[in-house]
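Work through the exercises below with the sequence and the 3D view open. Try each task before you read its solution.

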Amino acid sequence: MGRVTENVHGLRKEERMEQYAIQGGNPLVGEVEIGGAKNAALPIIAASVMTDETVHIENLPDVRDTNVLLEAMQDIGVLVNRSGRHKVTINAARINNLVVDGDNIRKIRASYYFLGAMLAKYKSAEVALPGGCDIGCRAIDQHIKGFRALGAEVKIEYGLIKAHAERLRGNHIYMDVVSVGATINIMMVAALAEGQTIIENAAKEPHVVDLANFLNSMGANIKGAGTDVIRIKGVTGLHGSDYAIIPDQIEAGTFMFAAAITKGDITVKNVIPKHLESITAKLLEIGCEIEESDDAVRVVAAKPLRPTQVKTLPYPGFPTDMQPQITVALALSRGTSIVTESIFENRFKYVDELTRMGADIKVEGNTAIVNGVAKYTGARINAPDLRAGAALVMAALAAEGVSTVEEIHYIERGYEDFHLKLQALGAQIEKVSSDRDMQKFRLKTG
Ligand code: EPZ
């Protein structure tokens with residue numbers, strides 16, 4: 001028996017950080033049930049502190065980001081009860097601290113939603129500066145501009161954003177950039193401010209609409225969410241609510257592209273097809289067949305993929321959160337495609353990993369020139385962030401041979417049971433955490 005040594009992570013030599021082992025080559029076929037939208041769940045969970053009454057939330061995704069946010073709420077005295085994996089009851093009547101800080105909360109971007117929610121209710125909030133995926137400069141100037149316009153004083157000190165107000169009053173706010181997070185934060189504060197607020201150039205994403213619907217279900221008066229002008233009449237208080245979160249547009253889109261990438265046939269169920277239109281349009285353009293029903297979309301990739309051009313844009317444009325997935329598909333198409341990333345400048349980091357699997361992609365600034373290749377080959381790759389991580393898993397599922405994908409904690413931030421859902425579609429993928437697991441996987445998949 002060999003000597004057991006430790007590596008930099010303190011793991012014994014035979015142990016590995018959890019990673020996915022993938023044997024590529026199987027077209028993914030079957031049905032997959034889509035969960036609740038992570039990016040709707042995060043502001044909805046935070047907004048639950050805006051009432052002293054109890055809030056019941058259903059269709060909650062069981063992913064790391066939402067769990068971290070719920071833990072942070074418990075740390076400040078919020079009662080959080082999970083009644084089943086996808087249901088939670090929240091009561092914030094006994095909040096005992098208006099400072100939200102801690103190791104976990106600093107890692108996720110959505111911590112900033114506590115600012116809007118607590119500033120609205122308590123006129124005071126201090127929250128650790130947001131972290132999140134490293135996909136480019138993630139400014140918060142528009143959030144701050146909105147809070148100030150509504151009467152708050154905002155400063156950044158000791159790693160915290162601090163917002164305080166004597167009175168919050170409605171205002172007419174023109175957003176300089178279309179920002180999901182800033183639109184949501186301003187909406188929360190304006191919901192409990194005096195008088196009317198108008199947000200111009202607002203984000204129109206489905207999760208912005210979902211948060212507005214949730215706040216309205218608690219007694220807020222918000223109109224126009226889903227258009228670029230949102231009008232909010234402040235109310236004096238909010239009450240409890242029973243609310244179900246919308247399906248996750250990006251999880252659905254990811255599995256739709258899994259069909260294209262693996263030449264498969266996948267039906268995504270429990271979706272709102274309207275939210276998927278930009279994704280469906282691109283899949284049709286590249287040669288997939290699509291069948292839609294009220295709450296499901298089937299994607300069949302029977303023909304070779306065709307190249308296309310795509311530019312990421314705010315909703316209803318093609319989502320930046322789907323950019324790596326479409327690039328992985330286009331890199332297997334017959335011809336040259338152009339992918340332009342216009343939201344986050346650092347979202348092509350995964351291209352180096354994909355190149356190691358055989359892709360032919362050249363990145364110049366915010367544009368990728370993608371020359372299609374006939375196939376990928378298996379490699380040891382790293383997930384650089386959430387969506388790119390998922391896209392690389394799909395590349396590995398299409399590749400010849402075995403791949404390992406490391407740093408899968410990024411993927412687990414936003415995809416529930418990702419490898420189990422893929423297995424159910426016929427993928428040969430397993431979570432491994434030791435060399436022995438890896439050997440077993442190789443023997444099994446031969
Ligand atoms: C949300 O991030 C999502 N995160 C992101 O999803 C998503 O990629 C992004 O919206 C775009 O759709 C959550 O919902 C938790 P933005 P957010 O504010 O709100 C600039 C995922 O994979 N900007 O709409 O942070 C900013 O730099 C994640 O699930 C400012 O200039 O995005 C960017 O270029 C990753 N000033 C653009 O706006 C500001 O004050 C859009 O950012 C705010 C943003």
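Buried means under 20% relative accessible area, exposed means over 50%, and partly exposed lies in between. Keep these cut-offs at hand. Note also that this is a predicted model.

**Exercise 1. Overall build**

Task: Find how many helices and strands the protein chain has, and check its radius of gyration against that of a compact globule.

Solution:
- Step 1. Count the elements. The chain has 14 helices and 24 strands.
- Step 2. Take the expected value. For 446 residues, a compact globule would have a radius of gyration near 22 Å.
- Step 3. Compare. The protein chain has 22 Å, so the two agree.
- Step 4. Add the extents. The C-alpha trace spans about 65 × 55 × 40 Å along its principal axes.
- Step 5. Look at burial. Of the 446 residues, 56% count as buried.

**Exercise 2. Around the ligand**

Task: Describe the shell of residues around the ligand by class and by element. Then list polar contacts to the ligand's oxygen atoms.

Solution:
- Step 1. Start with the nearest residues. The ligand has 25 residues around it, and Q142, S179, D321, I343 and R387 come nearest.
- Step 2. Sort the shell by class. Twelve residues are nonpolar, six are polar and seven are charged.
- Step 3. Find the contacts. The cut-off for a polar contact is 3.5 Å between N or O atoms. R387 places a polar side-chain atom 2.7 Å from a ligand oxygen. For R347, an N or O atom of the side chain is 3.4 Å from an oxygen of the ligand. A139 uses its backbone: an N or O atom there lies 3.3 Å from a ligand oxygen.
- Step 4. Judge the cover. On its own the ligand has 830 Å² of accessible area, and the protein covers 90% of it.
- Step 5. Name the elements. Two or more shell residues come from each of α1 (38-47), α4 (141-149), α5 (180-191) and α11 (386-398).

**Exercise 3. Aromatic pairs**

Task: Classify the ring pairs Y112 with Y113 and F214 with Y243. Are the residues buried or exposed?

Solution:
- Step 1. Recall the two values needed. A ring pair is described by the distance of the centres and the angle of the planes.
- Step 2. Survey the structure. A search of the whole structure gives five aromatic pairs.
- Step 3. Take Y112 and Y113. Their ring centres are 4.9 Å apart and their planes meet at 80 degrees, so this pair is edge-to-face.
- Step 4. Check their burial. Y112 has a relative accessible area of 8%, so it is buried. Y113 has 5%, so it is buried too.
- Step 5. Take F214 and Y243. The centres lie 5.4 Å apart with planes at 65 degrees, so this pair is also edge-to-face.
- Step 6. Place the pair. F214 is in helix α6 (residues 206-217) and Y243 in strand β14 (residues 241-244), so the pair ties together parts 29 residues apart in sequence. Both F214 and Y243 are buried.
- Step 7. Look for a cluster. Ring pairs link F255, Y415 and F418 into one.

**Exercise 4. Backbone details in loops**

Task: Locate K123, D417 and P316, and describe the backbone at each.

Solution:
- Step 1. K123 sits in the loop between α3 (113-122) and β7 (124-128). Its phi is positive, near 60 degrees, and K123 is not a glycine. Its relative accessibility is 30%, so K123 counts as partly exposed.
- Step 2. D417 lies in the loop between α12 (409-412) and α13 (418-424). It is not a glycine, yet phi is positive at about 50 degrees. With 26% relative accessible area, D417 is partly exposed.
- Step 3. P316 belongs to the loop between β18 (309-311) and α9 (323-330). A cis peptide bond joins Y315 to P316, with omega about 10 degrees.

Definitions and conventions: Residues numbered from 1 in each chain as written. Predicted model: local features only at pLDDT ≥ 70, side-chain atom pairs only at ≥ 80, totals over all residues. Heavy atoms only, no water. Near = heavy atom within 4 Å. Polar contact = N/O pair within 3.5 Å; in protein donor to acceptor, adjacent residues only side chain to side chain. Areas by Shrake-Rupley, 256 points an atom, 1.4 Å probe, with all protein chains shown as cover. Helix = DSSP H or I, 4+ residues; strand = E, 2+ residues; numbered from the N terminus. Nonpolar A, V, L, I, M, F, W, Y, C, P; charged D, E, K, R; others polar. Phe/Tyr/Trp six-rings, centres within 6.5 Å; stacked < 30°, edge-to-face > 60°. Buried < 20%, exposed > 50% of the residue type's maximum accessible area, 1.4 Å probe, protein only. Rg over C-alpha atoms; globule rule 2.2 N^0.38 Å.
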